[in-house]
Amino acid sequence: MVPLNDNNPTRITPYVTYGLIGLNVFIFLYEMSLAPPALEQFIRTWGVVPAELTARANQEWITLFSSQFLHGGILHLGGNMLYLWVFGNNIEDKLGHARFTFFYLSCGALAALAQWFFGPTSTVPLVGASGAIAGIMGAYILRFPKARILTILPIFFYITTVRIPAYLFLGFWFVQQALYSVASLSVQTAADTGGVAYWAHAGGFVFGAMLGPILGLFDDQPPSDTRRTPSRYR
(Lines give C-alpha, C1' and ligand atoms only; values in the text may rest on other atoms or scores of the structure.)
Protein backbone atom coordinates (compact mmCIF):
# COMPACT_ATOMS: atom_id res chain seq x y z
CA MET A 1 0.00 0.00 0.00
CA VAL A 2 1.27 3.44 -0.93
CA PRO A 3 -0.23 6.61 0.60
CA LEU A 4 -0.93 9.55 -1.72
CA ASN A 5 -2.59 12.10 0.58
CA ASP A 6 -5.01 12.49 3.46
CA ASN A 7 -8.23 14.45 3.94
CA ASN A 8 -6.75 16.29 6.91
CA PRO A 9 -6.25 20.03 6.27
CA THR A 10 -3.78 22.07 8.32
CA ARG A 11 -3.98 25.59 9.73
CA ILE A 12 -0.38 26.46 8.94
CA THR A 13 2.27 26.20 6.28
CA PRO A 14 4.45 23.25 7.41
CA TYR A 15 7.80 24.93 6.86
CA VAL A 16 9.75 22.35 8.88
CA THR A 17 8.28 19.43 6.93
CA TYR A 18 9.14 21.14 3.66
CA GLY A 19 12.60 21.98 4.96
CA LEU A 20 13.27 18.40 6.03
CA ILE A 21 12.24 17.10 2.61
CA GLY A 22 14.46 19.66 0.90
CA LEU A 23 17.44 18.89 3.13
CA ASN A 24 17.11 15.14 2.58
CA VAL A 25 16.95 15.61 -1.18
CA PHE A 26 19.93 18.00 -1.15
CA ILE A 27 22.11 15.60 0.85
CA PHE A 28 21.09 12.68 -1.37
CA LEU A 29 22.14 14.66 -4.45
CA TYR A 30 25.46 15.29 -2.74
CA GLU A 31 25.80 11.56 -2.05
CA MET A 32 25.20 10.85 -5.73
CA SER A 33 28.01 13.23 -6.68
CA LEU A 34 30.58 11.17 -4.76
CA ALA A 35 32.71 8.43 -6.24
CA PRO A 36 31.92 4.95 -4.79
CA PRO A 37 34.88 4.86 -2.34
CA ALA A 38 34.10 8.37 -1.10
CA LEU A 39 30.40 7.57 -0.80
CA GLU A 40 31.12 4.46 1.25
CA GLN A 41 33.35 6.48 3.57
CA PHE A 42 30.72 9.22 3.85
CA ILE A 43 28.05 6.68 4.84
CA ARG A 44 30.31 5.00 7.39
CA THR A 45 31.28 8.34 8.89
CA TRP A 46 27.81 9.85 9.24
CA GLY A 47 25.61 6.74 9.44
CA VAL A 48 25.07 4.84 12.69
CA VAL A 49 27.48 1.91 12.82
CA PRO A 50 26.25 -0.01 15.90
CA ALA A 51 29.63 -1.54 16.74
CA GLU A 52 31.27 1.86 16.70
CA LEU A 53 28.47 3.40 18.76
CA THR A 54 28.94 0.61 21.29
CA ALA A 55 32.68 1.19 21.48
CA ARG A 56 32.76 5.00 21.34
CA ALA A 57 29.35 6.37 22.27
CA ASN A 58 30.80 9.70 23.39
CA GLN A 59 32.20 10.25 19.88
CA GLU A 60 29.56 8.56 17.75
CA TRP A 61 26.37 10.01 19.28
CA ILE A 62 26.14 12.65 16.57
CA THR A 63 25.46 9.91 14.02
CA LEU A 64 22.11 9.26 15.73
CA PHE A 65 21.04 12.53 14.11
CA SER A 66 23.20 12.78 10.98
CA SER A 67 22.14 9.30 9.82
CA GLN A 68 18.55 10.52 9.52
CA PHE A 69 19.50 12.57 6.45
CA LEU A 70 21.31 9.83 4.51
CA HIS A 71 19.67 7.38 2.13
CA GLY A 72 20.77 4.27 0.30
CA GLY A 73 19.03 4.87 -3.02
CA ILE A 74 16.36 6.81 -4.87
CA LEU A 75 13.56 4.44 -3.84
CA HIS A 76 14.64 4.60 -0.20
CA LEU A 77 14.59 8.41 -0.34
CA GLY A 78 11.38 8.63 -2.36
CA GLY A 79 9.41 6.32 -0.09
CA ASN A 80 10.50 8.12 3.05
CA MET A 81 9.80 11.58 1.64
CA LEU A 82 6.35 10.51 0.45
CA TYR A 83 5.40 9.36 3.94
CA LEU A 84 6.86 12.53 5.45
CA TRP A 85 4.87 14.62 2.96
CA VAL A 86 1.58 12.86 3.73
CA PHE A 87 1.80 12.63 7.53
CA GLY A 88 4.32 15.23 8.68
CA ASN A 89 2.34 18.42 8.07
CA ASN A 90 -0.50 17.48 10.44
CA ILE A 91 1.84 16.63 13.31
CA GLU A 92 3.77 19.86 12.73
CA ASP A 93 0.43 21.68 12.76
CA LYS A 94 -0.40 20.28 16.22
CA LEU A 95 3.05 20.54 17.82
CA GLY A 96 4.27 23.76 16.26
CA HIS A 97 7.45 24.24 14.27
CA ALA A 98 9.95 24.11 17.15
CA ARG A 99 8.46 21.18 19.04
CA PHE A 100 7.93 19.27 15.81
CA THR A 101 11.63 19.66 14.97
CA PHE A 102 12.57 18.35 18.43
CA PHE A 103 10.01 15.54 18.08
CA TYR A 104 11.27 14.48 14.65
CA LEU A 105 14.96 14.38 15.57
CA SER A 106 14.26 12.66 18.90
CA CYS A 107 12.16 9.93 17.29
CA GLY A 108 14.87 9.34 14.70
CA ALA A 109 17.59 9.05 17.35
CA LEU A 110 15.50 6.77 19.59
CA ALA A 111 14.60 4.58 16.61
CA ALA A 112 18.28 4.16 15.78
CA LEU A 113 18.96 3.21 19.40
CA ALA A 114 16.21 0.59 19.21
CA GLN A 115 17.97 -1.00 16.22
CA TRP A 116 21.34 -0.69 17.99
CA PHE A 117 19.94 -2.41 21.10
CA PHE A 118 19.18 -5.57 19.12
CA GLY A 119 22.42 -5.55 17.13
CA PRO A 120 25.12 -3.69 19.11
CA THR A 121 28.01 -5.45 17.35
CA SER A 122 26.79 -4.93 13.79
CA THR A 123 29.19 -3.19 11.42
CA VAL A 124 26.50 -2.35 8.85
CA PRO A 125 25.71 1.41 8.77
CA LEU A 126 22.16 2.39 9.62
CA VAL A 127 20.86 5.28 7.50
CA GLY A 128 17.54 6.83 6.58
CA ALA A 129 14.71 9.01 7.83
CA SER A 130 12.32 6.10 8.33
CA GLY A 131 12.75 5.93 12.12
CA ALA A 132 11.82 9.59 12.52
CA ILE A 133 8.93 9.23 10.06
CA ALA A 134 7.72 6.14 11.93
CA GLY A 135 7.54 8.39 14.99
CA ILE A 136 5.33 10.78 13.04
CA MET A 137 3.11 7.86 12.07
CA GLY A 138 2.86 6.74 15.70
CA ALA A 139 1.70 10.22 16.70
CA TYR A 140 -0.66 10.44 13.72
CA ILE A 141 -2.54 7.24 14.54
CA LEU A 142 -3.24 8.57 18.03
CA ARG A 143 -4.30 12.08 17.01
CA PHE A 144 -6.07 11.37 13.71
CA PRO A 145 -7.21 7.73 13.78
CA LYS A 146 -10.23 8.37 11.53
CA ALA A 147 -8.49 10.50 8.91
CA ARG A 148 -8.89 8.95 5.46
CA ILE A 149 -5.70 8.07 3.60
CA LEU A 150 -5.91 7.96 -0.20
CA THR A 151 -3.96 4.78 -0.92
CA ILE A 152 -2.71 2.94 -3.98
CA LEU A 153 -3.86 -0.65 -3.47
CA PRO A 154 -2.62 -3.41 -5.79
CA ILE A 155 -5.01 -6.38 -6.08
CA PHE A 156 -3.25 -9.11 -8.03
CA PHE A 157 -2.71 -7.49 -11.46
CA TYR A 158 -5.20 -4.68 -10.83
CA ILE A 159 -4.20 -1.40 -9.20
CA THR A 160 -6.79 0.92 -7.69
CA THR A 161 -7.01 3.75 -5.17
CA VAL A 162 -9.11 3.64 -2.01
CA ARG A 163 -9.48 5.81 1.06
CA ILE A 164 -8.49 3.86 4.17
CA PRO A 165 -8.91 5.06 7.78
CA ALA A 166 -5.57 6.00 9.31
CA TYR A 167 -5.97 3.50 12.13
CA LEU A 168 -6.18 0.67 9.58
CA PHE A 169 -3.42 1.91 7.28
CA LEU A 170 -0.94 2.76 10.04
CA GLY A 171 -2.03 -0.09 12.30
CA PHE A 172 -1.36 -2.61 9.54
CA TRP A 173 2.02 -0.98 8.86
CA PHE A 174 3.05 -1.17 12.52
CA VAL A 175 1.94 -4.79 12.99
CA GLN A 176 3.91 -5.74 9.89
CA GLN A 177 7.06 -4.02 11.16
CA ALA A 178 6.64 -5.51 14.64
CA LEU A 179 6.28 -9.04 13.26
CA TYR A 180 9.35 -8.63 11.06
CA SER A 181 11.25 -7.26 14.06
CA VAL A 182 10.46 -10.29 16.18
CA ALA A 183 11.30 -12.62 13.31
CA SER A 184 14.68 -10.93 12.95
CA LEU A 185 15.68 -12.18 16.40
CA SER A 186 16.10 -15.70 15.07
CA VAL A 187 17.67 -14.92 11.71
CA GLN A 188 20.30 -12.58 10.35
CA THR A 189 18.72 -9.40 8.99
CA ALA A 190 19.62 -5.74 8.74
CA ALA A 191 21.60 -5.83 11.97
CA ASP A 192 24.19 -8.11 10.38
CA THR A 193 23.82 -8.34 6.64
CA GLY A 194 22.12 -5.15 5.52
CA GLY A 195 18.52 -4.56 4.51
CA VAL A 196 15.54 -3.09 6.37
CA ALA A 197 16.00 -1.96 9.98
CA TYR A 198 12.68 -3.23 11.29
CA TRP A 199 13.46 -2.51 14.93
CA ALA A 200 14.07 1.14 14.03
CA HIS A 201 10.66 1.27 12.33
CA ALA A 202 8.73 -0.38 15.15
CA GLY A 203 10.69 1.48 17.81
CA GLY A 204 10.24 4.85 16.13
CA PHE A 205 6.46 4.26 15.90
CA VAL A 206 6.20 3.45 19.62
CA PHE A 207 8.43 6.35 20.68
CA GLY A 208 6.40 8.73 18.51
CA ALA A 209 3.16 7.56 20.12
CA MET A 210 4.72 8.16 23.55
CA LEU A 211 6.50 11.45 22.86
CA GLY A 212 3.75 13.16 20.87
CA PRO A 213 1.24 13.53 23.73
CA ILE A 214 4.01 14.73 26.06
CA LEU A 215 4.83 17.55 23.64
CA GLY A 216 1.21 18.67 23.29
CA LEU A 217 -0.21 16.54 20.50
CA PHE A 218 -3.72 16.77 21.99
CA ASP A 219 -3.63 20.45 22.95
CA ASP A 220 -6.54 22.29 21.36
CA GLN A 221 -4.81 25.68 21.43
CA PRO A 222 -2.37 26.15 18.51
CA PRO A 223 1.28 26.44 19.62
CA SER A 224 2.56 30.01 19.82
CA ASP A 225 4.90 29.53 16.86
CA THR A 226 2.03 28.50 14.56
CA ARG A 227 -0.61 31.08 15.49
CA ARG A 228 -1.58 33.55 12.84
CA THR A 229 -1.69 37.22 13.88
CA PRO A 230 -5.00 38.83 12.84
CA SER A 231 -4.62 41.45 10.13
CA ARG A 232 -5.60 45.09 10.76
CA TYR A 233 -6.61 47.45 8.01
CA ARG A 234 -5.29 51.03 8.13
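Are Phe100 and Tyr104 buried or exposed? Both residues are buried in this predicted model, and they appear in the second of the views below.

**View 1. An aromatic pair between helix 1 and helix 6.** The structure holds 14 aromatic pairs. Tyr18 and Trp85 make up one of them, a stacked pair with 5.7 Å from centre to centre and 25° between the planes. This pair links distant parts of the chain, since Tyr18 belongs to helix 1 (residues 15–33) and Trp85 to helix 6 (residues 74–95), 67 residues apart. Tyr18 is partly exposed, with a relative accessible area of 40%. Trp85 is also partly exposed, and its relative accessible area is 48%.

**View 2. The rings of Phe100 and Tyr104.** The ring centres of Phe100 and Tyr104 are 6.3 Å apart and the planes stand at 45°; the pair is therefore tilted. Tilted pairs have planes that are neither under 30 degrees apart, as in stacked pairs, nor over 60, as in edge-to-face pairs. Both residues are part of helix 7 (residues 97–117), where they are four residues apart, about one turn of the helix. As stated above, Phe100 and Tyr104 are both buried.

**View 3. A cluster of aromatic rings.** Tyr83, Phe87, Tyr140, Phe144 and Phe169 are joined into a cluster by ring pairs.

**View 4. Helix 8 and its surroundings.** Helix 8 spans residues 130–143, a total of 14 residues. From the first C-alpha to the last, helix 8 reaches 20 Å, close to the 20 Å expected at 1.5 Å a residue. Of its 14 residues, 13 are buried, so helix 8 is largely enclosed by the rest of the structure.

**View 5. The open sheet of three strands.** The strands follow the order 1-2-3 and their pairing is antiparallel. Strand 1 (2–6) and strand 3 (158–165) are the edge strands, each pairing on one side only. On average, and with direction ignored, neighbouring strands of the sheet are turned by 25° against each other. Helix 6 packs on this sheet and touches strand 1 and strand 2. The direction of helix 6 makes about 30° with that of strand 1.

**View 6. The pairing of strand 2 with strand 3.** Strand 2 (residues 148–155) pairs with strand 3 over eight bridges, in the antiparallel sense. Opposite Pro154 stands Ile159, a residue of strand 3.

Technical notes
Residues are numbered from 1 along each chain as its sequence is written. This is a predicted model: local features need pLDDT of at least 70, side-chain atom pairs count only at pLDDT 80 or more; totals for chains, interfaces and linings use all residues. Side-chain values use heavy atoms; hydrogens and water are left out. Helices (H or I, at least four residues) and strands (E, at least two) are DSSP runs, numbered from the N terminus. The expected span of a helix is 1.5 Å times one less than its number of residues. Buried means under 20% relative accessible area, exposed over 50%, partly exposed in between (1.4 Å probe, protein chains only). Rings of Phe, Tyr and Trp (its six-membered ring) pair if their centres lie within 6.5 Å; planes under 30 degrees apart count as stacked, over 60 as edge-to-face and the rest as tilted. Two strands pair if DSSP finds at least two bridges between them. Axes are lines fitted to C-alpha atoms, for helices over the stretch in contact, and angles run from 0 to 180 degrees between N-to-C directions. Contact means heavy atoms within 4.5 Å.
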